[in-house]
Amino acid sequence: MMDRLWNRLWSSKVPENLQEQCKDKAQLSFVNSQFDIELIRGCLDKIKDDPKNTLFLQAFLTYQDIASQLETQNSAEAEIDFMERYVSLFSQISAVDLSVVWTKKIEYPTLSVPRFILLPLVQNALWQGYHAAEKYPMKIKISVFEKIISLDITNHVNHHIVDQKVNDSVENYQARLQYEFGDRHTLIMNSNAHTFRANLTLRF
């Protein structure tokens, strides 16, 4: 009887604790997308090394201005624009030539989404993937409908990393998806010898 009582007490506390942990990790994911320290450091180094490159400086300042805005929701169109800015900055600080192929189908651009809810998969592909081979471009396919967003990203596998989906950033992102969407999201990540793929579906 005591065992049953203990089990009931324990099970009643776990969801609350897990929800709180989920919230903390979700916040970490948000902050990491809003202020990507590695990207910012790389951009500042480039500005220091090439102070006359005013186009890059302006692009970086505009990116930072958008990232610093206080809104917690954004239009899908604005979020995609922010992702494109991120990829552009990354490509300019990258030590190798980066090839990115975008495929966009935006039928409902004003769909309201949580800010930075898409960016972590782009961050993971850029920072964890391998981009030096021209024949293996990073591919980003995004579709926005009235009630659904689909994001599919593929990149060449980095063989110096055991598993691209096993890191703190991905863990925090998964917690954020759970916190924001619960069972209204699906995230599938898998890889083979050459390609890593992440497929996300958000249902509104």
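1. The β6–β7 pair. In this predicted model, strand β6 and strand β7 (residues 195-203) run antiparallel and are joined by 7 bridges. A hairpin of 3 residues links β6 to β7. Two residue pairs help to locate the register. Leu 187 stands opposite Leu 200 in β7. Ser 191 has Phe 196 of β7 as its bridge partner.

2. The other partner of β7. β7 also pairs with β5, again in the antiparallel sense, over 9 bridges. A useful marker here is Ser 150, which stands opposite Thr 201 in β7.

3. The whole sheet. These strands belong to an open sheet of 5 strands with mixed pairing. The order is β2-β4-β5-β7-β6. Its edge strands are β2 (100-106) and β6 (185-191), each of which pairs on one side only. On average, and with direction ignored, neighbouring strands are turned by 5 degrees against each other.

4. Helices on the sheet. Helix α4 (residues 76-93) packs on the sheet and touches β2, β4 (138-144) and β5 (148-156). The direction of α4 makes about 175 degrees with that of β2. Helix α5 (residues 119-128) packs on the sheet as well, where it touches β4, β5, β6 and β7. The direction of α5 makes about 5 degrees with that of β5. Both helices therefore list β4 and β5 among the strands they touch.

5. α4 against α5. How do the two helices sit relative to each other? They pack at an angle of about 15 degrees, and their axes are 10 Å apart. That angle makes α4 roughly parallel to α5, because angles under 35 degrees count as roughly parallel. The crossing of α4 past α5 is right-handed.

6. Residues between α4 and α5. From α4 come Phe 82, Met 83, Tyr 86, Val 87 and Phe 90. They meet Leu 119, Val 122, Gln 123, Leu 126 and Trp 127 in α5. By class, the contact holds 9 nonpolar residues, 1 polar and no charged. Gln 123 is the polar one, because the nonpolar class includes Val, Leu, Met, Phe, Trp and Tyr but not Gln.

7. α3 against α4. Helix α3 (residues 54-67) also meets α4. Their axes come within 11 Å and cross at roughly 140 degrees. This makes α3 oblique to α4, because only angles over 145 degrees count as roughly antiparallel. The crossing of α3 and α4 is left-handed.

8. Residues between α3 and α4. The α3 side supplies Phe 56, Ala 59, Phe 60, Thr 62, Tyr 63, Ile 66 and Ala 67. The α4 side supplies Phe 82, Arg 85, Tyr 86, Leu 89, Gln 92 and Ile 93. This contact divides into 10 nonpolar residues, 2 polar and 1 charged. Phe 82 and Tyr 86 of α4 take part here, and they also appear in the contact with α5.

9. Gln 73. This residue lies in strand β1 (residues 73-75). Is Gln 73 buried, exposed or partly exposed? Its relative accessible area is 39%. Gln 73 is therefore partly exposed, because that class lies between 20% and 50%. Which residues does Gln 73 contact beyond its neighbours within four places in sequence? They are Ser 112, Val 113, Pro 114 and Arg 115. Gln 73 and Val 113 are 40 residues apart in sequence, yet 5.5 Å apart in space, C-alpha to C-alpha.

How values were computed
Residues numbered from 1 in each chain as written. Predicted model: local features only at pLDDT ≥ 70, side-chain atom pairs only at ≥ 80, totals over all residues. Heavy atoms only, no water. Pairing = 2+ DSSP bridges. Helix = DSSP H or I, 4+ residues; strand = E, 2+ residues; numbered from the N terminus. Axes fitted to C-alpha atoms, helices over the stretch in contact; angles between N-to-C directions. Contact = heavy atoms within 4.5 Å. Parallel < 35°, antiparallel > 145°, perpendicular 65-115°, else oblique. Left-handed = near helix turned anticlockwise from the far one by under 90°. Buried < 20%, exposed > 50% of the residue type's maximum accessible area, 1.4 Å probe, protein only.
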